[in-house]
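Trainee: Could you take one spot in this model and go through it closely for me? After that, I'd love to hear how it connects with what else you can find along the chain.

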Amino acid sequence: MLKRLLFPVILLLLVFGLSISPDFQEISAGVAIFLFGMLMLEDGFKLFSGGFLEAALEKATGSVPKALGFGIVTTTVMQSSSLVSVITISFLSAGLISLVAGVGIIFGANIGTTTGAWLVAGFGLKVKISAYALPMLAVAIVMVFQKNKYWRGAGFVLAGLGFLFLGIHHMKEGFEAFKDQFDLTRFAMTGILGLVVYTLVGTAATVVMQSSHATMVLIITALAASQISYENALALAIGANIGTTITAIIGALTANFQGKRLALAHLIFNLVTAGVALALISPLREAVDFISSFVGIADDDYALKLAVFHTIFNVLGVVLMLPMFNRLIAFLIRMIAEPAEDLSQAKYLSEAVDEFPQTVKVAMYKEVRHLYDNAVELIMHGLNLHRHEVFESKDIAASVEASLAPVEFDIDQKYEARIKTLYSAIVDFATRVGSKDMPEDIMNDIYTMRDAAGRIVKAVKAVKHLRRNATHFTEQPQGSISDLYNELRTELARILVEIRKLDMAEAEDRSSLWLDQERVQVEQDAKNTNANIETLIRDQKIDAYIATSFLNDSGYAYEAMRDLLSAARSLYVESASATAEIESILALDDEDVSDMAGINAGR
């Protein structure tokens with residue numbers, strides 16, 4: 001809302017300024033070039049995702065100090081606390097990191113963002129950085145057009161830095177020339193009113209630009225050109241810290257409840273930090289003067305003193321909040337409660353996970369697992385079985401034979417709510433992600449899991465078809481036909497039990513060879529079915545009409561078994577391990593399975 005209200009005002013002021021002053025045009029162009037550089041930096045670092053970035057972030061979940069250090073280092077390297085916030089929200093939404101780790105990273109990012117002020121005040125204003133910018137851009141453009149994504153990523157990062165340097169140069173030159181025509185210090189305000197007004201101005205500017213780094217550069221270059229007072233610059237810096245939370249808030253709008261908790265933590269931390277800085281502005285100024293004198297910063301080098309101030313109040317905020325860390329986590333959990341589980345809705349496929357390959361892959365995997373869990377319940381109930389009884393049974397056949405009472409539920413309604421809705425979300429997610437610039441191996445995994453979801457859905461639909469006859473012929477013993485349907489129920493239940501064991505096993509202990517054995521057995525049983533039915537008809541144990549119904553139903557059952565085994569391979573068999581690579585060589589293709597089933601059937 002604030003952004004929408006400010007946008008037309010800022011736009012009108014921008015148009016007015018551009019029309020009356022060529023120097024203001026240079027300042028505006030500098031800001032635009034700087035922000036464009038920030039975007040290129042973010043795009044460059046995103047191309048490195050799927051590699052070291054995700055691995056480092058997952059390792060940062062071990063403890064609060066590790067998370068804090070990760071936030072400091074990554075924000076220093078990427079020069080964007082906003083990007084770090086968005087990545088953290090994405091990983092938290094996908095369940096890759098904990099809320100504790102996420103909040104720790106956000107705390108660290110606030111310290112890391114202070115390095116930008118040091119770079120601009122200590123290097124950007126004292127060296128003609130435009131001399132570095134142009135060669136960087138020339139080299140970067142060659143790298144950007146390479147096919148290798150890491151070369152392209154490095155090119156975008158180098159180009160982003162070049163544009164940052166160029167933007168700083170134009171802002172610096174614009175303010176230097178602008179002061180000869182117009183003295184902005186006439187609008188300086190002192191005292192409490194000045195603190196409040198300029199804090200709000202800094203907040204508004206950062207909300208519009210969505211970059212506290214850009215706001216700080218603008219403040220520092222204006223301060224170096226004596227276009228704003230030192231006192232007002234301090235207030236603007238405090239406001240920039242408040243305004244930078246807008247990116248996390250926007251990112252959390254499409255995130256799950258965990259992402260929203262993190263955005264709230266970010267807002268609380270920055271508001272508390274800003275409140276402390278405003279309340280202690282005089283002692284903090286004295287601390288800045290003392291530290292500046294101690295490290296040799298000149299009394300009139302207000303740009304560097306602003307960098308000192310920016311660092312002090314951000315570090316002070318972390319120092320004050322760390323003792324209350326556990327209380328903050330408890331408050332976040334209490335304020336934004338985990339919603340009641342709705343099995344009909346997608347749990348992991350929010351837009352917050354779309355930007356990064358690792359979160360996309362993990363979210364997709366977890367959602368297909370969610371779909372499979374729903375499917376197991378429907379398949380078991382469709383066969384008039386209960387999961388807990390079957391999974392705990394030592395004799396599955398006996399448990400199936402003893403399960404005579406029909407499970408009263410509307411399988412069509414459950415299919416629409418628990419299966420079809422989730423599958424639609426999975427297909428939509430795969431399509432959406434496919435339109436983005438994702439690594440080929442990640443997209444292959446996404447499409448593999450989407451196909452696995454399709455096979456899970458087909459298995460449920462197959463059980464829907466055979467449910468009526470399976471119920472009719474097993475709720476009361478009816479001789480051979482009851483035995484036949486119980487055998488189908490037993491085989492389906494047994495496969496679900498074995499897949500559960502595969503799920504519960506350690507990744508390195510999972511084997512695709514068991515899946516091949518089961519596929520061979522399924523094909524062998526399917527081939528033997530016709531011969532068994534013919535024998536039963538000749539022996540007058542079943543009539544031809546009932547036999548025809550059973551053959552149709554057995555077709556559905558064996559198709560469900562094939563689909564479940566195929567989905568299990570996609571979900572649970574690790575392809576990266578050395579053992580799995582050997583097994584992939586030994587694994588049977590469809591023709592091998594058919595041949596082996598035929599050989600075994602003929603013995």
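Mentor: Happy to, and let's start with a term: two residues are in contact when heavy atoms lie within 4.5 Å. This is a predicted model, in which local features need pLDDT of at least 70 and side-chain atom pairs count only at pLDDT 80 or more, while totals for chains, interfaces and linings use all residues. Residues are numbered from 1 along each chain as its sequence is written, and side-chain values use heavy atoms, with hydrogens and water left out.

The spot I'd pick is Glu 338. Leaving aside residues up to four places away in sequence, Glu 338 touches Phe 257 and Arg 261. Glu 338 also sits 8.1 Å from Gln 258, C-alpha to C-alpha, although 80 residues separate the two in sequence. As for its setting, Glu 338 belongs to the loop between H17 and H18 (helices, H or I with at least four residues, and strands, E with at least two, are DSSP runs numbered from the N terminus). With a relative accessibility of 56%, Glu 338 counts as exposed (buried is under 20% relative accessible area, exposed over 50%, partly exposed in between, with a 1.4 Å probe and protein chains only).

Now follow the helices on either side of that loop. Helix H17 covers residues 325-335, and its residue Phe 325 pairs with Phe 107 of helix H6 (residues 99-112). The ring centres of Phe 107 and Phe 325 are 5.8 Å apart and the planes stand at 90°, so the pair is edge-to-face (rings of Phe, Tyr and Trp, the last by its six-membered ring, pair if their centres lie within 6.5 Å; planes under 30 degrees apart are stacked, over 60 edge-to-face, the rest tilted). The two partners are 218 residues apart, which makes this a link between distant parts of the chain. Phe 107 and Phe 325 are both buried. A second pair, Tyr 230 with Tyr 302, is tilted, at 4.9 Å centre to centre and 35° between the planes. This pair too links distant parts, helix H12 (residues 230-243) for Tyr 230 and helix H16 (residues 302-321) for Tyr 302, 72 residues apart. Tyr 230 counts as buried because its relative accessibility is 9%, whereas Tyr 302, at 36%, is partly exposed. Going back to Phe 325, ring pairs join it with Phe 107 and Phe 269 into a cluster. The whole structure holds 6 aromatic pairs.

On the other side, helix H18 spans 357-382 and is followed by a loop that leads to helix H19 (387-392); Asn 384 lies in that loop. Asn 384 is not a glycine, yet its phi is positive, about 60°. In contrast to the exposed Glu 338, Asn 384 is buried, since its relative accessibility is 3%.

Charged side chains give further links. Glu 377, Arg 387 and Arg 418 are joined in a network of salt bridges (a side-chain nitrogen of Lys or Arg within 4 Å of a carboxyl oxygen of Asp or Glu). Lys 458 and Asp 563 form another bridge, with the closest N and O atoms 3.8 Å apart. Lys 458 is in helix H22 (residues 440-474) and Asp 563 in helix H25 (residues 544-572), so their bridge ties together parts 105 residues apart in sequence. Of the two, Lys 458 is partly exposed at 43%, while Asp 563 is buried at 6% relative accessibility. Glu 518 and Arg 494 also meet in a salt bridge, at 2.7 Å from N to O. Here the link runs from Glu 518 in helix H24 (residues 512-538) to Arg 494 in helix H23 (residues 480-504), 24 residues apart. Glu 518 is buried, with 9% relative accessibility. A search of the whole structure finds 15 salt bridges.

To place Glu 338 in the wider picture, the protein has 27 helices and 0 strands. Of its 603 residues, 50% are buried. Among contacts with a separation of 6 or more, 80% join residues 24 or more positions apart, and the contact of Glu 338 with Phe 257 is one example of a long reach along the chain.
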